[in-house]
Amino acid sequence: GAELKSTVAVARGRTLTVSHHIGDLEHLAAHQSFVQAIEHLCHLAGVRPEVVAHDLHPEYLSSKLATELDLPLLAVQHHHAHVASCLVDHGRSGPVLGVAFDGTGLGPDGTLWGGELLVADLDSYRRVGHVAPAPLPGGVAAIKEPWRMAVSWTAVALGPAVAQGVGEQLVGDPALVAAVVDLAVGGRSPITTSAGRLFDAVAALLGLRPRVTYEAQAAIELEALARTGPRCEAGAYQLEQRWEDGFLVLDPAPLLGAILAERGAGTPVADIAAGFHEGLGAATADAATTLAARDGLSCVVLTGGVFQNTRLTAVVAGALAEAGLEVLTHHRVPCNDGGISVGQAAVASGC
């Protein structure tokens, strides 16, 4: 499993047994339940484990536990596991074009992935596109304080001076904002392609949630705002698409510039929220269509916690279907990290 929304899966032959939702392993009670679930599921399934699949991130508590079991290990990249979990949900093996949008997951290049386009099956994956990278100023602090991502993305898209002004509008404190801007432009922050953090940035820019009290709060409120109006009345903000180092990159810089301009012009924030969903969804579907055609694929998987957003899912899935592509979404297996253990088990079985 993963670190958050953890589950455990035990595979034997073509049978897969998945635990209940255990939760976030940083809490002692959840971690104890996690250990108990491993023992209980193995006993119920009559399994004596031969290999342990775990997340690529070595600091996840689930990964650390895996290394303590004295068994052969298989590290599975987070977003590959997401795609694999959806394939298992549909009884498929691929290959597919996987769109894996979530918070963060460690990539093999050492950066924090989270807005990924992958050609994948149950055995392997290949990254073919991603959301443009942005700094994560303060690391975990940027996840708990979306205003930091608003400042970071604005600094990347429009420059430090604009970012300083945006930050001061959101939190006041010029010195704190200046320190975050410096982190964002000074090369001292982790880099992420996270679609989830982009939602955080937009929510903060619209004044919804500069700080959160629970995971994905800002993104949830942004979706709720977007859904107050019908899709037929929503405009769409554009993203730039470009090829960079062999990858198709989705760059939200022009989208963010448009959002700030609309905000300054007094456009209702619900309209801006809807335009963000339409623009990101349309660009994602267009990129997936391009990459699927290039690789001769007819099926696209939508996975990762961001696709709990029904508005975004409707935009992307609808555009892909119009392009003649088969679209797989989650039904029995969670699209968020609750499904990671299923994907890991499938990849381990395939290997």
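These legends walk through several close-up views of a predicted model.

**Figure 1. The largest pocket and what lines it.** Start with the open space here: the largest pocket holds about 1,300 Å³. Of the 42 residues that line the largest pocket, Leu4, Lys5, Ile143, Arg197 and Glu215 are the closest to its centre. Four elements, strand S5 (96–106), helix H4 (140–144), helix H8 (195–205) and helix H9 (217–226), each give at least two residues to this lining. What kinds of residue line the largest pocket, sorted by class? The lining has 17 nonpolar, 13 polar and 12 charged residues.

**Figure 2. The second largest pocket.** This one takes up about 770 Å³ of space. It is lined by 31 residues, and Ala9, Pro49, Val51, Val52 and Ala53 are the ones closest to its centre. Look for strand S1 (9–12), helix H1 (28–45), strand S3 (52–55), helix H2 (61–67) and helix H13 (340–350), since each supplies at least two residues of the lining. Sorted by class, the lining of the second largest pocket comes out as 18 nonpolar, 9 polar and 4 charged residues.

**Figure 3. Helix H8, residue by residue.** How many of the residues of H8 are buried? The count is 11 of 11, so the helix is mostly covered. The buried residues in H8 include Arg197 and Asp200, along with Leu198, Phe199 and Val202. At the start of H8, a side-chain oxygen of Ser194 comes within 3.2 Å of the backbone nitrogen of Gly196. Just after H8, you'll find Gly207 with a positive phi of about 80 degrees. Keep Figure 1 in mind as well: H8 supplies at least two residues of the lining of the largest pocket.

**Figure 4. Two buried serines, Ser6 and Ser62.** Ser6 sits in the segment before S1, while Ser62 is part of helix H2. Are these two serines buried or exposed? Ser6 has 0% relative accessibility and Ser62 has 6%, so both count as buried, because buried means under 20%. Not counting residues up to four places away in sequence, Ser6 touches Gly1, His20, His21, Ile22, Gly23, Leu25 and Phe34. Leaving aside its own neighbours within four places, Ser62 is in contact with Gly1, Ala2, Glu3, Leu25 and Phe34. Gly1, Leu25 and Phe34 turn up in both lists. In the case of Gly1, its backbone oxygen lies 3.3 Å from a polar atom of the Ser62 side chain.

**Figure 5. The hairpin of S1 and S2.** Strand S1 runs antiparallel to strand S2 (residues 15–18), and 4 bridges join the two. One pair to find is Ala11 and its bridge partner in S2, Leu16. The strands form a hairpin with 2 residues between them, and Gly13 in the turn has a positive phi of about 60 degrees.

**Figure 6. Strand S11 between two partners.** S11 (residues 247–251) is mostly covered, with 4 of its 5 residues buried. Which way do its partners run? Strand S7 (residues 125–131) runs parallel to S11, with 3 bridges joining them, whereas strand S10 (residues 240–244) runs antiparallel to S11, with 5 bridges. On the S7 side, His130 stands opposite Val249 in S11. On the S10 side, Trp243 has Leu248 of S11 as its bridge partner. S10 and S11 also make a hairpin with 2 residues between them, where Asp245 in the turn has a positive phi of about 55 degrees. As a general rule to try out while you look, side chains in a regular strand alternate between the two faces of the sheet.

**Figure 7. Backbone spots in the loops.** Here are three loop residues to pick out. Pro95, in the loop between helix H3 (78–89) and S5, is joined to Gly94 by a cis peptide bond, with omega about 5 degrees. Asp70 lies in the loop between H2 and strand S4 (73–76), and its phi is near 55 degrees, a positive value in a residue other than glycine. Ala216, found in the loop between H8 and H9, also has a positive phi, near 70 degrees. How much of each is uncovered? Asp70 is exposed, with a relative accessible area of 73%, and Ala216 counts as partly exposed at 34%.

Definitions and conventions: Residues are numbered from 1 along each chain as its sequence is written. Side-chain values use heavy atoms; hydrogens and water are left out. On a 1 Å grid over the protein atoms alone, a cavity is a set of points where a 1.4 Å probe fits but cannot get out, and a pocket is an open set with protein on both sides within 12 Å along at least five of seven lines; lining residues have an atom within 4 Å of a point. Grid points are joined across faces, edges and corners, and a volume is the space filled by probe spheres set on the points. Ala, Val, Leu, Ile, Met, Phe, Trp, Tyr, Cys and Pro count as nonpolar, Asp, Glu, Lys and Arg as charged, and the others, Gly among them, as polar. Buried means under 20% relative accessible area, exposed over 50%, partly exposed in between (1.4 Å probe, protein chains only). A polar contact is a pair of N or O atoms within 3.5 Å; within protein, one must be able to donate a hydrogen and the other to accept it, and residues adjacent in sequence count only if both atoms are side-chain atoms. Contact means heavy atoms within 4.5 Å. Two strands pair if DSSP finds at least two bridges between them.
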